[in-house]
Amino acid sequence: MNVYYFEVKSLARSCFIWTASIVMVFYSFLLFVYPIFEDGIAIMEVMFANMPAEFMQAFGLEVSSLLNYSGFYAFAFLYYSLMGAIMATHLSLTAFAREKANQCEEFLFVKPMNRSRLFWAKLASVATCVLFCSVCYFLSSIHGFAEHGGLSQMGVLVSISLGLQQIIFLCIGMLVGVCKQKIRFISGLAATIGFSAFLVQTIVNLFEEDMFTYLSPFHYFAPSLVLEQNGYGVGYMVIALCMVLGSILFSYQRYTNADIAMGK
Amino acid sequence: MNIVKEELRVQIKRFLYWTIGLGVLIFVGTAKFQGISGANGESIAELMSYYPKVLLAMLGMPQGIDIGTLSGYQGILAYYSLICVCIYAIFLGNGVIGREMTDQTYEFLFTKPRSRRSILAWKIIGAAIPLTAYCILNYWLTRMALTMITSEEIITNQVELYGITTYLIGLIFYGFTILCSTILVKSERASVISFALFFVSFFLGGIYDVAEEAHVLRIFTPLRYFTYTELASNNLPIEYLVISLAILTLSIICAFQFFQKRDLL
């Protein structure tokens, strides 16, 4: 338990800062941006109503699904998910690669505790922090839905999305942290992973082909897809589950067996 | 010169990865334009004009941009390349001082018969070479990608302007990161601050696009120093050109000052 408490304590500060900024960004979107969006809704409804039906079909646009709070939420989620992803990656990289970055793995491994227990303790501590953030976000997101147009089943599902996405990025961070030989700047690496996922999402969006969306973790639980299909896609859930289990198994194997990285 | 060589040797692998990423982005993005414009470029422009500004800004499409035209479309792609360039610049800037600091090899370097000033100068030049190469590649790949598609629009000027401004903004982040890592004792903290600045700039950029009365914000948002509307009409905002050069020079000069007095820890 010592390792667990130590890790939670050392992750707590950045976990609080990240959670606070995600919740803050959420509420500033809700308070400052949504009113502007809401003003535009009435005008847009009239404009869309005047357009020929074929025209709208050509774009596959469900107008009604765009012009309400859920539609707004789906767009704004881009920002929350980017922050959430970087946060999860950052925390798991910190937990799993801190010793590597400080070149003090030896000191940890000579402690009378085997590596597999170390691994689970670290994983549990990161999971605790990510869970904390997800719960905070979940509550504020539910609050947002309740304030604007009432809470539906979809609202609850969509609010969980961030947490699920964070689990995936937690695993990516863990995998990189355990496998990469040499790690210098943890936060830089985390930001790079987060923004790369963001760019992959953009490229995948450009392709407009469903097959490629499996490459982009941001797509798995994206509210726009959830709202469109009235639920999470089964394929995405399976892939996400495989990714999570696979990366835990692989990282565990690696962490318990790998040589201590010598400074190159 | 040895320092530059060493710097390049260290950077080469990461440079290749980043170039591949950029290449995919540019080529896939540009190729996709054919689909958009071929299908119904006109109607997209019409549809986009109905979208509320907020939505467009949130999607990374600032006001006045029309993705139905090649020029507008390229403007959006260039914004994504800009994000790539900035992150890469922060990475390089961090490495200049941070690498030796985390590896605790500064003692070895300072025993060499070179002054701190010249060590820092060569290191800054050494890491600026990949950044410059990256920006040149960005410009060149964009030109290459544009030759693939057929369009009557000629946007050579715009692409050139985007190439130059992207490089400038990259340099701002590069200089700022170097300054941070000379001031702060812990290099990890410098990297946190530079990325935080980038993040804030990214978000402020979104706010800038939404709010009409937010021109004060622009100074704090390097990502919005050169906007699409200005570049597409072929004018380079001189005041922001001056501001960016000033920020760059100031941070490099200050970096030299602080580096002289730095303790080895």
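This passage walks through a predicted model, going from the fold of chain A to cores, charged pairs and a couple of loop residues.

Chain A is a good place to start. It holds 12 helices and 0 strands, so its pattern along the sequence reads α-α-α-α-α-α-α-α-α-α-α-α. Chain A has 264 residues, and 52% of them count as buried. Contacts in this chain often reach across the sequence: among those between residues at least 6 apart, 79% join residues at least 24 apart.

One pair of helices in chain A gives a feel for the packing. H6(A) meets helix H7 (residues 153-179) of chain A at an angle of about 155 degrees, and their axes lie 9 Å apart. Angles over 145 degrees count as roughly antiparallel, which means that H6(A) is roughly antiparallel to H7(A). As for handedness, the H6(A) and H7(A) crossing is right-handed. On the H6(A) side, the residues making the contact include Phe119(A), Leu123(A), Val126(A), Tyr137(A), Phe138(A) and Phe145(A). H7(A) brings in, among others, Gly155(A), Val156(A), Gly163(A), Gln166(A), Leu170(A) and Met174(A).

Next come the nonpolar cores. In soluble globular proteins, nonpolar side chains tend to be buried together. Here, the largest nonpolar core takes in 134 residues, and Phe195(A), Tyr174(B) and Phe202(B) have the most contacts inside it. Helix H3 (residues 70-102) of chain B is the top contributor to this core, giving 18 residues. There is also a second, separate core of 9 residues, with Tyr73(B), Leu77(B), Leu146(B) and Val159(B) among its members.

Tyr174(B) deserves a closer look. Setting aside neighbours within four places in sequence, Tyr174(B) touches Ala89(B), Leu92(B), Gly93(B) and Val96(B), and its contacts also include Lys123(B), Ile124(B), Ala127(B), Ala128(B) and Leu131(B). One of these partners, Lys123(B), turns up again in a charged pair: Lys123(B) forms a salt bridge with Glu7(B), with the closest N and O atoms 3.3 Å apart. Glu7(B) sits in helix H1 of chain B and Lys123(B) in helix H5 (residues 116-148) of chain B, so this salt bridge ties together parts that are 116 residues apart in sequence. Both ends are out of the way: Glu7(B) is buried, with a relative accessible area of 1%, and Lys123(B) is buried too, at 1%.

That pair belongs to a wider set, as a search of the whole structure turns up 9 salt bridges over all chains. Side chains of opposite charge can pair when their charged atoms come close. In chain A, Lys122(A) forms a salt bridge with Glu99(A), the closest N and O atoms being 3.0 Å apart. This pair links distant parts of the chain, with Lys122(A) in helix H6 (residues 115-147) and Glu99(A) in helix H4 (residues 69-101), 23 residues apart. Lys122(A) has a relative accessible area of 0% and is buried; Glu99(A), at 10%, counts as buried as well. Neither residue stands alone, since Glu7(A), Arg98(A), Glu99(A) and Lys122(A) are linked in a network of salt bridges.

A rather local example comes from chain B, where Glu6(B) forms a salt bridge with Arg9(B), again with closest N and O atoms 3.0 Å apart. Glu6(B) and Arg9(B) both lie in helix H1 (residues 2-50) of chain B, 3 residues apart, or about one turn of the helix. Glu6(B) is partly exposed at 36% relative accessibility, while Arg9(B) is exposed at 55%.

Finally, two loop residues catch the eye for their backbone. Most residues other than glycine have a negative phi. Asn230(A), however, has a positive phi near 55 degrees. Asn230(A) lies in the loop between helix H11 (223-229) and helix H12 (234-257) of chain A, and at 56% relative accessibility it counts as exposed. Chain B offers another case: phi of Asn234(B) is positive, near 60 degrees. Asn234(B) is in the loop between helix H8 (228-232) and H9 of chain B, and counts as partly exposed at 43% relative accessibility.

Conventions: Residues are numbered from 1 along each chain as its sequence is written. Chains are lettered from A and ligands numbered from 1 in the order in which they are written. This is a predicted model: local features need pLDDT of at least 70, side-chain atom pairs count only at pLDDT 80 or more; totals for chains, interfaces and linings use all residues. Side-chain values use heavy atoms; hydrogens and water are left out. A nonpolar core is a set of buried Ala, Val, Leu, Ile, Met, Phe, Trp, Tyr and Cys residues joined through side-chain atoms within 4.5 Å. Buried means under 20% relative accessible area, exposed over 50%, partly exposed in between (1.4 Å probe, protein chains only). Helices (H or I, at least four residues) and strands (E, at least two) are DSSP runs, numbered from the N terminus. Contact means heavy atoms within 4.5 Å. A salt bridge is a side-chain nitrogen of Lys or Arg within 4 Å of a carboxyl oxygen of Asp or Glu. Axes are lines fitted to C-alpha atoms, for helices over the stretch in contact, and angles run from 0 to 180 degrees between N-to-C directions. Angles under 35 degrees count as roughly parallel, over 145 as roughly antiparallel, 65 to 115 as roughly perpendicular and the rest as oblique. A crossing is left-handed if the near helix is turned anticlockwise from the far one by less than a right angle, and right-handed if clockwise.
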